[in-house]
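Q: I am in my first year and would like a close look at a single part of this structure, the helix α5 and what surrounds it. Please take me through it slowly and then relate it to the rest of the chain.

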Amino acid sequence: MNERRKIGAAVIGLGNFGQLHARAYNENPKSRLVATCDSDARRLNAASKKLGIRARRRFTDHVEMLKDLDDEIDVVSIVTPDAYHCKMALEAARRGKDILLEKPMCRTLDEADRIIEAVRKYKIRLMVDFILRFDPRYLKARENLSRGEIGKIATLFARRHGVRQFARTHGKFSDLFLSTAIHDIDLMLWFACLKPTTVYAEGTREILRSKRVDDAIFCILKFPNGIIGSIDANWTLPESSPSPLESEFRVVGSRGVINVASQDQGLWQIANEQGLKVPDVTFWPVVEDKLLGDLKTAVGHFVTIVAENKQPLVGPVEGKNALRVALRLKESASKHQVLNLSW
Ligand SMILES: NC(=O)c1ccc[n+]([C@@H]2O[C@H](COP(=O)([O-])OP(=O)(O)OC[C@H]3O[C@@H](n4cnc5c(N)ncnc54)[C@H](O)[C@@H]3O)[C@@H](O)[C@H]2O)c1
């Protein structure tokens with residue numbers, strides 16, 4: 001493809017995940033990374049150099065970047081801490097850019113409404129980066145469910161356990177509900193094709209008390225038609241765990257069961273004094289210096305829908321639905337009360 005016809009992409013936030021977004025645009029034949037932005041100048045320069053972005057295309061301020069390179073930027077990935085998602089999305093939308101917005105799409109329902117309004121007003125596309133919607137295991141599970149292979153859903157169960165490092169990195173700007181459980185909330189709404197009417201959650205705060213974050217949360221979601229969902233999330237696993245993230249998703253139906261055992265990546269390394277390692281080969285593995293996995297597929301989908309003038313598989317309305325449930329669960333845990341959800 002002619003370089004000039006490629007989708008011009010900018011990434012705001014060049015932390016752990018933003019650098020992977022940037023790589024995905026660089027490695028996609030339909031897009032090219034044209035600008036980078038991070039408020040931390042040292043990180044911006046170090047990461048941009050590796051990504052092949054010249055100094056004049058590096059910015060510490062996203063407004064300046066969007067203004068200076070307006071002609072070249074078609075799409076923007078927003079990969080900053082949650083508190084910045086809304087204001088950056090509004091600014092990019094105002095300038096007519098299509099947006100790939102990290103989850104959670106923002107922090108409040110009011111912010112979500114402002115984003116949805118801006119998407120409509122400026123006629124742009126906005127995709128929320130729920131990468132598990134692009135994971136072949138979940139896609140296959142949902143396809144089998146839709147074909148009626150396990151009958152009607154009775155229960156949905158999700159486990160998502162992370163190492164303590166997540167409490168240090170993501171606990172600084174988010175929490176277990178908005179950062180972690182939200183993936184499974186989105187999956188449950190997507191699988192059930194229904195929205196929960198009642199939620200209840202409890203959290204515990206002992207091991208990570210000094211970090212001011214919950215160690216673990218347990219959530220119950222009651223859907224119409226008698227479906228019950230349950231989410232068990234934590235970031236208390238020791239750093240020595242074979243994998244930084246263990247997860248499972250189980251759907252029990254009237255005629256069978258579907259289980260996505262995400263912690264089993266299909267590759268076990270039993271080697272040297274570090275013991276057993278289960279490296280990521282599905283979410284965002286880098287192999288032979290190329291990004292593979294769900295994030296690559298998600299960015300690829302975003303680039304394709306922009307190139308073909310289509311709508312994303314997961315947009316701001318789905319982002320807001322998952323956010324509404326996560327916020328209500330959080331409130332339930334703080335009040336120790338069962339709460340209703342109105343839609
Ligand atoms: N979809 C997923 O599976 C997934 C996985 C990991 C992270 N995320 C999301 O990505 C976002 C970032 O996470 P991360 O792990 O990369 O965090 P991080 O802390 O590693 O990176 C955040 C970056 O944003 C920069 N930043 C902060 N304020 C800024 C500003 N005003 N302007 C420009 N840059 C600014 C920071 O300097 C930092 O480099 C979070 O919302 C997180 O939930 C999603």
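A: What follows begins with the helix you asked about, moves to the loop before it, and then turns to the domains, the ligand and two other loops.

This is a predicted model, so everything said here describes a computed structure. The helix α5 covers residues 109–121, and two of its helix partners can be described in turn. Two packed helices are described by the angle between their axes and the distance between the axes.

Take α4 as a partner to begin with, a helix that spans residues 85–94. The helices α4 and α5 pack at an angle of about 10 degrees, and their axes are 9 Å apart. Because angles under 35 degrees count as roughly parallel, α4 and α5 are roughly parallel to each other. On the α4 side the contact is made by C86, A89, L90, A93 and R94, while α5 contributes E111, R114, I115, A118 and V119. Sorted by class, the residues of this contact between α4 and α5 are seven nonpolar and three charged, with no polar ones.

Now consider α10, which covers residues 316–335. Here the axes of α5 and α10 come within 10 Å and cross at roughly 175 degrees. Since an angle over 145 degrees counts as roughly antiparallel, α5 is roughly antiparallel to α10. The residues of α5 that take part are L109, A112, I115, I116 and V119, and they meet P316, V317, G319, K320, L323, R324 and L327 of α10. This contact of α5 with α10 has nine nonpolar residues, one polar residue and two charged residues. If you look back at the contact with α4, you will find I115 and V119 listed there, and I115 and V119 are also listed in the contact with α10.

Just before the helix in the sequence there is a loop, running between β5 (98–101) and α5, and P104 is placed in it. The peptide bond that joins K103 to P104 is cis, with an omega of about -10 degrees. This deserves a second look, because most peptide bonds are trans.

To place the helix in the whole chain, notice that the chain is divided into domain 1 (3–124) and domain 2 (135–283 + 323–340). The C-alpha centres of the two domains lie 28 Å apart, and eight residues of domain 1 are in contact with eight residues of domain 2. On the side of domain 1 that touches domain 2, there are six nonpolar and two charged residues and no polar ones.

The ligand belongs in this picture as well, because domain 1 and domain 2 both give residues to the shell around the ligand, which therefore lies between them. That shell holds 25 residues, and the closest of them are G13, G15, F17, S39 and E102. Its largest share, three residues, comes from helix α1 (residues 16–27). By class, the shell is made up of eight nonpolar, ten polar and seven charged residues.

Finally, two loops elsewhere each hold a backbone feature worth finding, because most residues other than glycine have a negative phi. N225, in the loop between β9 (216–222) and β10 (228–237), has a positive phi of about 65 degrees although it is not a glycine. N309, in the loop between α9 (294–307) and α10, has a positive phi of about 60 degrees and is likewise not a glycine. N225 counts as exposed because it has 9 C-beta neighbours inside 10 Å, and N309 is exposed with 7 other C-beta atoms within 10 Å.

Key:
Residues are numbered from 1 along each chain as its sequence is written. This is a predicted model: local features need pLDDT of at least 70, side-chain atom pairs count only at pLDDT 80 or more; totals for chains, interfaces and linings use all residues. A residue is near a molecule or strand if its C-beta atom, placed from the backbone, lies within 6 Å of it. Helices (H or I, at least four residues) and strands (E, at least two) are DSSP runs, numbered from the N terminus. Ala, Val, Leu, Ile, Met, Phe, Trp, Tyr, Cys and Pro count as nonpolar, Asp, Glu, Lys and Arg as charged, and the others, Gly among them, as polar. Domain bounds come from an automatic or database domain assignment. A residue is buried if 20 or more other C-beta atoms lie within 10 Å of its own, exposed if 12 or fewer, and partly exposed in between; C-beta atoms are placed from the backbone. Two residues are in contact if their C-beta atoms, placed from the backbone, lie within 7 Å. Axes are lines fitted to C-alpha atoms, for helices over the stretch in contact, and angles run from 0 to 180 degrees between N-to-C directions. Angles under 35 degrees count as roughly parallel, over 145 as roughly antiparallel, 65 to 115 as roughly perpendicular and the rest as oblique.
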